[in-house]
Amino acid sequence: MNVSLNWLSSHLDLSGKSIKEIDDLFTFAGVEVEGIVSKGIASDKIVVAQIMEAVQHPNADKLKVTQVDAGEGQLRQIVCGARNYKVGDKVPCCLPGAELPGGFTIGETKMRGVESKGMLAAAVEIGLPPGEDGLLILPEDSPIGVPVKQLFDSDTLLELEVTPNRPDLLSHYGMARELATLLKTPLKSLETRSADVSSASSVRIDSPAACPLYTAVRISGVTIQESPAWLKQRLESIGLRPINNIVDVTNFVLHELGQPLHAFDAAKLTGSIIVRNANDGETFLALDESKHILTPDDLLISDESGAALALAGVMGGQESGVTESTTDILLESAYFTPQGIRRTSRRTALSSDSSYRFERGVDPQGVLTASALAVKLILETAGGTAEPVTQVAGEAPVLTQPVALDETKLNQLMGSSISLTDAGEILTRLGLSKLADGTWNVPSFRADLQRHIDLVEEIARVHGLDNVPSRLQSSFVPASPVDAAYDADMILRRRLAALGVFECQTIKLISDAQVSDSLTLRPMQDGDVIRVKLPLSEDHAVMRPSIVPGLVASAARNVRQQQKSLRFFEMGRVFRNSGGGKAKDQESETLAILISGGTAPTGWNQADRQADLYDLKGLINALVPNKTIRFSPRDRDGFALGCDIKADDQNIGIFARLKPARERELDFTSPVYVAELDLAKLRKLLTGIEHVEDLPQFPGSSRDAAMEVATTLPNAEIENVLLKLAEPLLVSFECFDVFNDPTGQKLPADRKSVAYRFQYRATDRTLKAEEVDAAHAKVLDALASKAGVKFR
């Protein structure tokens, strides 16, 4: 939210307060200052100077050498390229050391061999709005040597981040009220038009739950024209573009009081105003010329003809807006419930300053005040005659209730750093009043104050957390399973990060379309998916049963940004039912990894190798280096390739590759490999002391074997035979070649040749050839009998 310091100053006295002090006040009170922009001339070294002489530059056709009087007692020589001045004109002179917008500092220099001691400036160069081309010509009566900043208005724009629970701060008056509390400064009262109210005869509310209060006042004989200078300046100071006097007044009141208003062209209305829910499929043409198909959840402002005049609280309609020919208007001021406005705004993708405030909650008691101020300003800027009575339909809802302050808890939480008298004085400055029973009456604009702790928080915020004494009251706590789990997770994170894998954080809600990407540790059945009853959008309809869908979506976005190498991981909770919904709401923690694309940056001296399943296997092996990682094939629905991941003999997760059709659908040009690991099991594998194996003291001996097997025989089956054999001299084995011939000429088409290398070694001696041959024969016999291999 943009806040003008000059605008704030119209509500309270800020003289003597620097921008730094105001910044600190807001920050320590819980209002984040995201940016500070100074408007106007900032430097005192930009002064009024009179041009006394201008001669042609000896070395440049387009430059002149001027002598100017800047009030220094002697003339100053400055080279200038502008042509819109004459001798005797008064212009801004930037002396050496003057700081210009953009961080540029003026100094003395030479231009084409001629000394120049400063700069004569155009309006835009010193922070003023753009003017004519060339120098800014100042009024003839401008005193020479006076800083130019004294001749023009300046302002400071604060960009503030207001938390959702403080909608009362979404206006200049609200911000001024907050500052007045913090500074103990009186707040100036608002000047509004007094108006009588009566029950509405031409307003009907058909949806009181969505619109508890609606007011309307008719103003006849207005003249649509350009707004006065003060009004335009107020809007321009916060970055708004003036449109006409009627629209500008409604925008001014919105940013002044935080209450959105809307003006209808009364000539375009038929009969009474009707506040109703839209019909299913009803169309609405918004002011921004966008067309929307509505649902019964959307609230409409209509008339007796049934025309959709405005999407309540969000945006006005194109067909009922104020134009240059408008002479009579109907001014709306209402309270709409936040939930409905938020739902409609998000569904239609229509967002406005009005919807931003309505969906956070406006002050119901401020509806009539805002209407009265707007009527007063419209009569001043557009003329006309307002109805003496404001029509009111419905009642303002009561959103606050008295809250008791627990004085004992206050002293405990504040460390007895504030007296009860001072605490009560702070609450009074915040607008609360103490009732006879000791409770505090909360003003209507502070609906966020509902509990005792809310009052304590306000007291602490205004009193200043720096004034609360710090005390060391903690005691030693032994390590817990939670600490151990955190430490294990950090080990995994550091190892993956060191291997070039980037951590992701995705939302725990996914869409129905993403469920098919889920790679769950146990297969899903109908009824195992947990759905959100009232999702905010279709993209957040399901609680994720797996982290993989989020990683796939993140990878797809990276691919669309031309990223070639993808390495992602995420740790988090997953949610599912079990047994087709028999076991409800089960939560577990998993680690998901995704890799795709090149394994190294493309270079002239290396081949572009694409990541494969062995790269993913290597990553998993690096997480638990003391374990043997094996992939055991097992089909997974929705994936082209699937395996169980085993650490030694323990199943720790699932591996899969996306189907090529799914990869093409998401614009991947390389295979996408994913894995989801049971985080609880990984943590256990990381516990205990990690032992370092001694380097071998005796040489080993290797033997190769070429085996002919069926093409359908998985490598994991061969590895299982070797592991179960447990031959003490066999220390390692690896597959180094695979050959098959689809034509059947060199090898039957249903057979393949697999070559393995076996390494043998003893820890206490150098093996003899006979011992190695005996152990090798034992290994080959086991493979032949249990895996059905034939040796070539």
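**View 1. Six domains make up the chain.** The protein splits into domain 1 (2-40 + 155-183), domain 2 (46-151), domain 3 (196-394), domain 4 (407-467), domain 5 (482-687) and domain 6 (701-791). Those bounds come from an automatic or database domain assignment. Measuring stick aside, here is one distance to keep in mind: the C-alpha centres of domain 3 and domain 6 lie 82 Å apart. Before zooming in, note that this is a predicted model, where local features need pLDDT of at least 70 and side-chain atom pairs count only at pLDDT 80 or more, while totals for chains, interfaces and linings use all residues. Residues are numbered from 1 along each chain as its sequence is written, and side-chain values use heavy atoms, with hydrogens and water left out.

**View 2. Four glutamates form a negative patch on the surface.** Have a look at E32, E34, E159 and E161, which gather here. Strands β2 (32-39) and β12 (155-161) are the elements that give two or more residues to this patch. Strands like these (E, at least two residues) and helices (H or I, at least four) are DSSP runs, numbered from the N terminus. To join a patch, a residue needs over 30% relative accessible area and no salt bridge; like charges are joined within 9 Å, and nonpolar side chains (Val, Leu, Ile, Met, Phe, Trp, Tyr) within 5 Å. Asp and Glu count as negative and Lys and Arg as positive, with His and the chain ends not counted. The place of a charge is taken as NZ of Lys, CZ of Arg, CG of Asp or CD of Glu. Accessible areas come from the Shrake-Rupley method with a 1.4 Å probe, and for residues only the protein chains shown count as cover.

**View 3. E159 sits in strand β12.** Staying with the patch, E159 counts as partly exposed because its relative accessibility is 38%. In these legends, buried means under 20% relative accessible area, exposed means over 50%, and partly exposed is in between (1.4 Å probe, protein chains only).

**View 4. K149 and D44 meet in a salt bridge.** The structure holds 40 salt bridges, each one a side-chain nitrogen of Lys or Arg within 4 Å of a carboxyl oxygen of Asp or Glu. Side chains of opposite charge can pair when their charged atoms come close. For K149 and D44 the N to O distance is 3.5 Å. This pair links distant parts of the chain, 105 residues apart: K149 is in the loop between β11 (119-120) and β12, and D44 is in the loop between β2 and β3 (46-56). K149 is partly exposed at 29% relative accessible area, while D44 is exposed at 51%.

**View 5. D512 pairs with R531 in a salt bridge.** Here the N to O distance is 2.2 Å. D512 lies in the loop between β29 (509-510) and β30 (530-531) and R531 lies in strand β30, so the salt bridge ties together parts that are 19 residues apart in sequence. With a relative accessible area of 42%, D512 is partly exposed; R531, with 52%, is exposed.

**View 6. R634 and D644 join up in a salt bridge.** Their side chains meet at 3.1 Å, N to O. R634 is in the loop between β34 (629-633) and β35 (639-647), and D644 is in strand β35, so this pair ties together parts ten residues apart in sequence. R634 counts as partly exposed at 46% relative accessibility, whereas D644 counts as buried at 4%.

**View 7. A network of salt bridges links seven side chains' worth of charge.** The members are R166, D168, E178, R446, D448, E458 and R461.

**View 8. K184 and D585 have positive phi values.** Phi of K184 is near 55°, and phi of D585 is near 50°; each is a residue other than glycine. You'll find K184 in the loop between α3 (172-183) and β13 (196-199), exposed with a relative accessible area of 60%. D585 lies in strand β33 (residues 583-597) and is exposed too, at 55%.

**View 9. S333 and A784 are far along the chain from each other, at 451 residues.** In space, their C-alpha atoms are 88 Å apart. S333 is in strand β23 (residues 329-335) and is buried, with a relative accessible area of 0%.
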